[in-house]
Amino acid sequence: ARLVSDGVLLRHGLRLFKVRDKGYDAFDSPDRYRIGEFVQGKINLFGNHPRRYGLITGQYLKVNKNFMDGIHITKINPFEDADSLIYESRNPKTHVILLETYGAGNVRDEAMFDTDTIHTEILRRLHRRKFPVVLGSPMQDGAIDSPYESGTKAIMAGAISGGNTTGSTLPVKISRALYNSWDKANGLDYEKFRMEMSTNHVGELTS
């Protein structure tokens, strides 16, 4: 929610970003996810809100504990060696890497100097090992599927697109996908994990 002149602006919960440390107006989202307002004790919906049951009571609510830890989150930056993804993948506590980029076009596919290792080659090596790397965006209106050649190369190398699932929703989805594709005897079912990530579970993936 966000304060407006005489009430509170309502936003889609799956698309929220915290943008301020203090104050009531601490969260924001892209404008298209403004779904209504709460003014003088009344809710006015704009018509673009997700459809739900008209009445929710305790008998309909169920706590879902089926999530799994083991996500390493890192951001692409020009000062980090692409090889660091290989080192992190060897951590027994890490089951998937979430690589945040400002669009998949920033996944480096050309070396900057002779001994430089490019991201697309690292992604290809991890894909061959069946170790998942999910591409995500830190931007509010971000989407990973990229028209740029380097972005296409990243997906072709085996990276898993987060699509337009953004903010804190994406790690939650990854955690759920990990749980759904984990076998106690054999560990991660890589292909099932990829399928879970391309599935729209609760409206988090709209493109």
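**Salt bridges and a one-sided helix**

Q: What makes lysine 173 and glutamate 204 a salt bridge?
A: Their side chains come to 2.9 Å, N to O. The rule asks for a side-chain nitrogen of Lys or Arg within 4 Å of a carboxyl oxygen of Asp or Glu, so the pair qualifies at 2.9 Å. Keep in mind that this is a predicted model: local features need pLDDT of at least 70, side-chain atom pairs count only at pLDDT 80 or more, and totals for chains, interfaces and linings use all residues. Residues are numbered from 1 along each chain as its sequence is written, and side-chain values use heavy atoms, with hydrogens and water left out.

Q: Why does the pair of lysine 173 and glutamate 204 tie together separate parts of the sequence?
A: Lysine 173 belongs to helix α4 and glutamate 204 to the segment after α5, so the link joins parts that are 31 residues apart in sequence. Helices here are DSSP runs (H or I, at least four residues), and strands are too (E, at least two), numbered from the N terminus.

Q: Are lysine 173 and glutamate 204 buried or exposed?
A: Both are buried, and that label means under 20% relative accessible area, with exposed over 50% and partly exposed in between (1.4 Å probe, protein chains only).

Q: Which residues are joined into one network by salt bridges that share partners?
A: Glu121, Arg124 and Arg128. Within that network, glutamate 121 and arginine 124 have their closest N and O atoms 3.1 Å apart. Both sit in helix α2, 3 residues apart, about one turn of the helix.

Q: Why is glutamate 121 called partly exposed?
A: Its relative accessibility is 28%, which lands between the two cut-offs, and arginine 124 gets the label too, with 33%.

Q: What makes glutamate 191 and lysine 130 a salt bridge?
A: The closest N and O atoms are 4.0 Å apart. Glutamate 191 is in helix α5 and lysine 130 in the loop between α2 and β9, so parts 61 residues apart in sequence are tied together.

Q: How do you know that the buried residues of α5 line one face of the helix?
A: The buried ones are Tyr190, Phe193, Glu196 and Met197. Seen down the axis, they fall within an arc of 120°, so they line one face; the arc is that of the directions from the helix axis to the C-beta atoms.

Q: What covers the buried residues of α5?
A: The cover includes β8, α2 and α4, with contact meaning heavy atoms within 4.5 Å.
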